[in-house]
Amino acid sequence: MAVDGRSFQPHSLKKTTKVVGKGEFIIAVCGLIHGHVYGLLSGLVGAGAEVGYVYEEDDTLYESFHDIYPTAMRVGSIEALLAIKDISMVVNCLRPDVRADVTIRALEGGISVFSDKPGFLEEEDGERILCASKRTRA
């Protein structure tokens, strides 16, 4: 993979502490359009999380991701991804105009969310996310 802003994976100079064991914290990645996904995943994987699933329509983006996370199973739709029962967290790196809706759907399904920025574009979407988070405690 090329070393550029899209694929840059920052690494901490401090030793990462594993806080979960194998199979305890499964991540689903939703969208690879923004290169920040690799930095977000680097820290989570360093803490012991496992990248189990990925949703991405673009084959080129998926293939680059698959080179780094070959065991992550590709899922054909957001609906299918959100229906998977062993997911602990969705890493939401979809286009900013759809992030809020997917975040809310994940929260309503009891799945925690780590979103790329911006997590939403409209103030009302921020309020909807806050309400969903309080309602579901996800």
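## Helix 1 and its surroundings

The buried residues of helix 1 pack against five elements: strand 1, strand 2, helix 2, strand 4 (89-92) and strand 5 (112-115). This is a predicted model, by the way, so read everything here in that light. As for who does the packing, the buried set in helix 1 consists of Val 37, Tyr 38, Leu 40, Leu 41, Ser 42, Leu 44 and Gly 46.

Just past the end of helix 1 there's a backbone detail to look at: Gly 48 has a positive phi, at about 110 degrees.

## Helix 2: one side in, one side out

Helix 2 covers residues 59-68, and its buried residues are Leu 61, Tyr 62 and Phe 65. These three span an arc of only 95 degrees around the axis, so they sit on the same side of helix 2. Flip to the other side and you find Thr 60 and Asp 67, both exposed.

What do the buried residues of helix 2 pack against? Their partners are strand 1 (26-30), helix 1 (36-46), strand 2 (50-55) and strand 3 (73-74). At the start of helix 2, Asp 58 puts a side-chain oxygen within 2.9 Å of the backbone nitrogen of Thr 60.

## Helix 4 meets helix 5

Next up is a helix pair. Helix 4 (residues 96-108) and helix 5 (residues 123-136) have axes that come within 9 Å and cross at roughly 10 degrees. With the cut-off for roughly parallel set at under 35 degrees, helix 4 and helix 5 are therefore roughly parallel to each other.

On the helix 4 side, the contact is made by Ala 100, Asp 101, Thr 103, Ile 104, Leu 107 and Glu 108. Helix 5 brings Asp 125, Arg 128, Ile 129, Ala 132, Ser 133, Arg 135 and Thr 136. Sorted by type, the residues of this contact come out as five nonpolar, three polar and five charged.

## Two charged residues: Asp 125 and Arg 137

Is Asp 125 buried or exposed? Its relative accessibility is 16%, and since anything under 20% is classed as buried, Asp 125 counts as buried. This residue lies in helix 5. Ignoring neighbours within four places in sequence, Asp 125 is in contact with Ala 100 and Phe 120; Ala 100 is also one of the helix 4 residues in the contact with helix 5.

Arg 137 is found in the segment after helix 5. Here the relative accessible area is 71%, so Arg 137 is exposed. Its C-alpha atom is separated by 8.0 Å from that of Leu 107, although the two residues are 30 residues apart along the chain. Leu 107 in turn belongs to the helix 4 side of the contact with helix 5.

Notes: Residues numbered from 1 in each chain as written. Predicted model: local features only at pLDDT ≥ 70, side-chain atom pairs only at ≥ 80, totals over all residues. Heavy atoms only, no water. Axes fitted to C-alpha atoms, helices over the stretch in contact; angles between N-to-C directions. Helix = DSSP H or I, 4+ residues; strand = E, 2+ residues; numbered from the N terminus. Parallel < 35°, antiparallel > 145°, perpendicular 65-115°, else oblique. Contact = heavy atoms within 4.5 Å. Nonpolar A, V, L, I, M, F, W, Y, C, P; charged D, E, K, R; others polar. Buried < 20%, exposed > 50% of the residue type's maximum accessible area, 1.4 Å probe, protein only. Arc of directions from axis to C-beta. Polar contact = N/O pair within 3.5 Å; in protein donor to acceptor, adjacent residues only side chain to side chain.
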